[in-house]
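Let's take a walk through this model together, starting at the ligand and moving on to the aromatic side chains. Keep the 3D view open as you read.

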Amino acid sequence: MKYEIILTVNGVAYPVEVDAHASLLHTVRDQVGLTGSKEGCDDSECGACMMLIDGRPVNSCSYLACQADGAEIITVEGLAPGDDLTPLQSAFLAEGGVQCGFCTPGMLISATALLAANPEPTPDEIRVGLSGNLCRCTGYDGIVRAVSKVARG
Amino acid sequence: MMGATYTTASSVEDAVAAMAAGARPVAGGTDLVVGARQGKKPLPQALVGIHKIPGLDGIGESDGGLVLGALVTHSALVSHPIVRGRFTGLADASAIVGSHATRANGTIGGNLMNASPAMDTGAPLLCMGATVELAGPGGRRTIGLDELWAGPGQLSASADELLVSVNIPAPSPGTGSAYVRLQYRRQMEIAVVGAAAVVTLGGGAVMDARIAITALAPTIHRVPDAEAALVGGPPDEARVDAAAAAAAAAARPIGDVRASVEYRRAMAVVMARRAIMTAVARASGQDMAIPASDSTYGS
Amino acid sequence: MTIAEKPFIRPDGKEKVTGVGRYTADMNLTGQLYAKFRYSDHPHARIVRIDTSRAKAVPGVLAVLTHEDVPDVLYGGMVQDRRLFAKEKVRWEGDVIAGIAARTAAIAEEAAALIEVEYEVLDPLPDFAANMDAGASLVHEDWETYGADDSLDRSGNTLGHSSIVKGDADSAMAGADVVVKSRFVADASQGAPIEPRAILAQWHGDRVTVWSSTQVPFAARSGVAHTLDMPESHVRVVVPLLGGGFGSKCDFHFEAHVAALAKAAKRPVKLVFSRHEEFVAPDHRREGMVIELETGANRDGTLVSRRGTLRLDKGAYCGEGGFFAQMAAMHACGPYKIQNISVDSYLNYSTNQPSSSIRAPTAPQTCWAVEQHMDQVAEAIGMDPAELRRRTLIAEGDEGPAGQIFDPIGIKETLEAALDMIGYGKELPDDEAIGVACGWWPSFGVPSGAYVKLNGDGTGTIITGAMESGTGAVMGLPLLAAEVLGMSPEDFSITYQDTDAGPWDMGSSGSQTTFNNGRAVIEAAKEVREKLLDMAADELEAHRDDLELVGGAVQVKGSPGTSVTIADLAGSGEPILGKGSGDVPEAPEVEASACVGRLGMESFLAPQLITHAARVKLDRSTGVVRVLEFAAAHDSGVIINRIGADGQVYGGVMMGIGQALSEMTMFDQDGRQRNPGLLDYKLQTVSDAPKIDIRWIEVDTPNAGPKGSKGVGEPPSVPTSGAIGNAIAKLVGRHVDRLPMTPERVWETMHTEGE
Ligand SMILES: Cc1cc2nc3c(=O)[nH]c(=O)nc-3n(C[C@H](O)[C@H](O)[C@H](O)COP(=O)(O)OP(=O)(O)OC[C@H]3O[C@@H](n4cnc5c(N)ncnc54)[C@H](O)[C@@H]3O)c2cc1C
Ligand code: FES
Ligand code: FES
């Protein structure tokens with residue numbers, strides 16, 4: 001069965017047709033056409049697919065597109081409203097939080113969720129708040145520094 | 001072939017009707033959908049989303065006890081002051097479920113209804129004497145958790161029963177609780193060995209004790225021998241050791257990629273001991289950090 | 001001194017943080033089909049029959065290919081031992097039997113399952129050490145007939161035997177004050193980049209373009225040309241953004257399979273690996289090893305003799321890893337003064353997943369064994385382990401294992417720096433300890449090329465064959481060009497990762513990009529500089545020798561008023577283009593003629609030297625170890641781009657910690673992976689990551705890369721597990737002899753009686 005649902009991604013409503021088992025990640029990448037969210041594992045282990053659904057960080061690879069019908073979805077493409085980077089994006093670059101960049105979209109989403117819920121996290125809270133996002137390149141050091149820097153304002 | 005179907009339930013009745021027609025409920029999906037992605041079990045052909053049912057995501061107090069809606073997430077549990085204060089073992093468990101994202105989406109209902117012997121909230125809730133309210137086509141009923149789990153991944157509830165709420169009775173004064181699991185990494189783990197304890201102290205002696213083990217048998221279960229070993233005197237080393245040994249003796253561990261039988265058995269003693277010690281400390285008013293798995297590391 | 005004084009932010013940064021950057025899996029072409037492979041059903045079997053008829057009949061399937069449909073060509077780096085599609089035999093669980101291209105991935109998968117393969121099942125040969133025994137069945141029965149590198153010393157299942165012989169190890173051992181013997185076993189592990197590989201191929205007549213997540217586009221190109229029997233000029237390999245590699249995306253892998261499917265289907269074809277495939281199918285993972293060491297030492301710390309026997313698991317096929325035996329032998333000696341040496345190292349076939357370069361191949365495991373062994377030697381002579389190293393590490397003028405004489409090097413300084421950063425000797429709680437380990441890794445001097453051209457507005461473009469896998473190496477190239485031309489790095493764009501554009505390059509492997517391509521870019525920029533000086537001399541009616549390039553202009557020295565901007569010169573219409581490659585630094589000469597299996601690693605060009613120190617905490621009841629603090633001191637020569645170099649250390653150390661404590665590929669008794677997923681193959685998470693302090697010992701190194709630099713990318717994982725192992729041993733009282741040192745293994749070590 002195909003279902004017509006509306007995915008509101010980064011403020012734009014996209015009517016899409018999906019089957020019941022379709023994942024949010026595949027639907028956003030293949031039908032909405034936003035490929036910023038990555039697939040690194042497809043089973044909630046790496047965090048590269050992280051999106052915000054009504055503000056919650058979600059492993060979109062393991063989330064049904066149908067369940068996101070009507071929700072507000074934010075992907076990495078929706079973080080910066082204009083051409084300027086958000087403070088978090090700039091800090092990731094300045095602090096060496098980006099190398100290959102494959103984990104970056106998911107990291108930025110998790111970090112955004114973390115700071116929204118807890119604007120002044122301790123270093124350990126930052127680590128726990130990003131623990132579902134694996135990075136193989138940076139050793140996490142630059143990422144944690146970037147988030148701390150933005151948190152301190 | 002009709003292909004897979006999906007509906008969204010907007011009430012408990014809706015969900016039960018869909019389940020009676022063969023649909024499987026999906027709440028956060030962090031277990032059902034993830035399991036399918038990992039190739040453990042294919043996704044059911046018929047699904048009903050229950051995440052939008054209103055009124056199921058509240059944490060309420062009743063007579064000093066707690067009522068948790070089925071959709072309460074692990075992150076809501078960890079950050080709730082009453083859960084942290086008086087049902088601390090449950091906060092210990094929810095705090096270490098998966099990652100920050102798993103906790104933001106995974107629900108207490110989904111955790112209990114996956115009937116996994118490794119689920120983290122099971123052991124503390126069992127020790128706290130929690131019951132669950134199930135809604136089915138024939139009405140509602142309340143059963144204890146020990147009655148709910150029939151085997152690994154198996155429930156005594158029928159496929160058309162929706163878990164509506166979890167009810168935790170008020171703890172007696174002087175009670176402390178804890179849940180501890182073995183963790184190779186600090187986050188993103190699955191319990192390899194875990195244990196929970198709820199201890200009530202009175203006049204320096206253990207008046208009541210509940211001890212349960214996780215991932216060490218086909219279902220999470222309490223260990224009466226361990227409880228008996230702890231009760232009746234001060235929680236001194238001899239009593240704690242005897243209780244921990246009894247808890248481990250009840251283990252029927254398996255060996256797999258995560259650990260051997262011998263190691264699991266040895267760790268059962270350690271986790272039981274740590275859970276008991278932490279529960280005792282909390283019962284006597286000490287402030288032990290949450291999650292206990294982190295704060296008891298190395299002790 | 002660090003060359004980049006202000007941090008240089010990667011030019012590909014903005015597209016990465018905004019999500020608009022395209023990785024291979026993000027690309028789609030009109031009419032594109034999806035590829036799936038049918039893998040072997042057994043780790044070791046003879047193929048009796050393959051029937052693809054049912055697969056071909058599935059609606060939506062446009063091509064099904066087996067060995068019958070492609071040229072019958074053997075390929076492989078140092079031994080040509082495999083085909084694109086298995087023909088007579090399958091030799092590991094990831095051998096590809098057939099490829100399918102279909103309208104959807106689901107259809108392709110369904111068709112793959114419908115291919116019928118009849119096998120004669122053979123006994124698996126997973127025990128790579130036992131495969132050396134006389135009479136062992138062979139993984140490749142007729143492999144002596146395969147083409148192979150002449151210097152490989154091969155026999156039985158051993159495809160490479162290398163020795164290092166110096167002096168007379170046996171009699172020296174007999175005369176030593178103490179003799180220490182140890183045996184260590186390291187398990188296999190994985191590169192595990194977060195991006196699973198993806199390939200997209202499209203034909204234009206007889207030419208094919210392949211977009212691939214490879215670290216080595218030129219090797220991929222020659223692989224496609226060789227196996228599909230076509231000229232290299234007809235193959236273009238383009239690498240979109242690459243989501244990490246760590247060696248696992250080195251070598252030619254699946255580009256030809258996808259190109260062949262696209263040709264047969266007459267449509268673009270895309271292959272995207274699942275995480276499971278990314279574990280099981282690549283012929284790249286870190287090799288398992290059995291390491292036996294024996295050292296004779298005197299009470300004053302003199303290392304009089306080292307004997308060693310190393311056995312390495314090559315898995316089913318050679319690939320580019322034929323040099324591993326020799327590389328491991330060098331690491332069995334390490335950066336130490338040892339008077340007499342006899343090390344034998346054997347690289348053996350098995351029916352396991354093939355191993356190949358993963359970040360500093362063979363080094364972390366061998367170093368883990370050697371450095372724990374060194375601590376055992378220190379204990380035997382009653383000396384502090386740091387002091388033993390202080391007395392025995394190499395310095396300028398010392399002689400290497402095979403007789404190379406070292407240029408200025410800073411390993412002793414790295415030792416002191418690491419000890420200082422970690423506070424060696426400080427008071428610690430009784431469940432904490434500090435461990436120290438040293439290691440080394442060569443720089444690789446290979447040819448490389450680049451072009452630099454100027455645009456009409458005075459900006460420039462660097463066109464290079466070099467590869468950027470996230471390391472930042474290519475990003476650092478503008479710094480070098482800018483300095484030669486008196487411009488700023490932001491003035492340059494870079495065209496790279498396209499075999500039709502840049503000159504040949506070895507790719508993102510061997511930490512070699514800055515080392516070799518940096519040299520090429522400087523040479524190309526110098527050619528541009530010459531042209532600019534000529535043009536400016538005319539324009540300013542000045543003598544060339546009186547001119548200098550500063551701030552985007554050519555000016556008469558000391559007289560900024562008399563100048564012409566580069567934009568004016570470049571805007572005149574005359575093309576300004578430079579090309580460069582530069583002279584490849586040569587490997588130091590060696591002496592030891594008694595060594596066999598010499599493949600060029602018996603001397604280390606511009607060796608990179610490392611000391612790591614780790615403070616760990618042990619949970620004595622469970623064996624769980626956490627690394628609390630980490631110090632990394634490196635001599636990588638002069639550092640050209642600090643933020644990039646630091647990034648390599650942070651990432652490499654974390655990978656090393658994973659390898660030390662949690663990362664292992666477990667094989668069952670048949671050689672099938674038991675944990676091919678990220679749930680049970682445990683990478684370290686951010687909540688496990690310690691504070692990491694870095695110090696660079698910047699030795700201006702002769703016979704090295706640009707400005708006295710060496711490589712930086714691979715060494716950061718080399719001594720990590722050794723340092724952690726030594727710290728654990730201090731707490732446990734014995735050394736854990738299995739890698740990774742998992743909680744269960746640490747706990748077991750605590751609970752077994754010592755010999
Ligand atoms: C990366 C990762 C790590 C994890 N780590 C842990 C961990 O450390 N500890 C742990 O315990 N779990 C862990 N889990 C499992 C899972 O996250 C938890 O069990 C979670 O609480 C499940 O909740 P859910 O709402 O997502 O369940 P779902 O996946 O929606 O449902 C799970 C099961 O319960 C049924 N169900 C759900 N709600 C109801 C209801 N109200 N009535 C009847 N049946 C219902 C579903 O049909 C399904 O069979 C992990 C999962 C992931 C992906
Ligand atoms: S792709 Fe979703 S968590 Fe890895
Ligand atoms: S930057 Fe490569 S995985 Fe994080």
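How do the residues of the shell around ligand 1 divide into nonpolar, polar and charged? The shell holds 14 nonpolar, 13 polar and seven charged residues. Please keep in mind that this is a predicted model.

**The ligand site**

In total, 34 residues surround ligand 1. The closest are B:Arg24, B:Pro25, B:Thr30, B:Thr107 and B:Asp120. Chain B is not alone here: residues from chains A and B surround ligand 1, so the site is shared between chains.

Three contacts to oxygen atoms of ligand 1 are worth finding in the viewer. Two of them come from the backbone, and the table puts them beside the one from a side chain.

| Residue | Atom on the protein side | Distance to an oxygen atom of ligand 1 |
|---|---|---|
| B:Gly28 | backbone N or O | 2.7 Å |
| B:Asp31 | backbone N or O | 2.8 Å |
| B:Asn111 | side-chain N or O | 2.6 Å |

How much of ligand 1 does the protein bury? Taken alone, ligand 1 exposes 970 Å², and 95% of that is buried by the protein.

Several elements of chain B give two or more residues each to the shell around ligand 1: strand S2 (24–26), helix H2 (32–37), helix H7 (108–113) and strand S10 (162–168). Which of them gives the most? That is H7(B), with four residues.

**Aromatic side chains**

Now let's turn to the rings. Over all chains, the structure holds 13 aromatic pairs. One of these pairs is formed by C:Trp440 and C:Phe604, with 4.6 Å from centre to centre and 55° between the planes, a tilted arrangement. This pair links distant parts of chain C, as its two residues are 164 residues apart. C:Trp440 belongs to strand S16 (residues 432–441), while C:Phe604 lies in the loop between strand S23 (577–580) and strand S24 (608–618). Are these two residues buried or exposed? Both C:Trp440 and C:Phe604 are buried.

Elsewhere in chain C, four residues come together in one aromatic cluster: C:Phe37, C:Tyr39, C:Phe254 and C:Phe273.

**Charges over rings**

Chain C also offers two examples of a charged end placed over a ring. C:Arg82 has its charged end over the ring of C:Tyr317, at 4.6 Å from the ring centre. For C:Lys314, the ring beneath the charged end is that of C:Phe324, and the distance to its centre is 5.8 Å.

Conventions:
Residues numbered from 1 in each chain as written. Chains lettered and ligands numbered in written order. Predicted model: local features only at pLDDT ≥ 70, side-chain atom pairs only at ≥ 80, totals over all residues. Heavy atoms only, no water. Phe/Tyr/Trp six-rings, centres within 6.5 Å; stacked < 30°, edge-to-face > 60°. Buried < 20%, exposed > 50% of the residue type's maximum accessible area, 1.4 Å probe, protein only. Lys NZ or Arg CZ within 6 Å of the ring centre and 35° of its normal. Near = heavy atom within 4 Å. Polar contact = N/O pair within 3.5 Å; in protein donor to acceptor, adjacent residues only side chain to side chain. Areas by Shrake-Rupley, 256 points an atom, 1.4 Å probe, with all protein chains shown as cover. Nonpolar A, V, L, I, M, F, W, Y, C, P; charged D, E, K, R; others polar.
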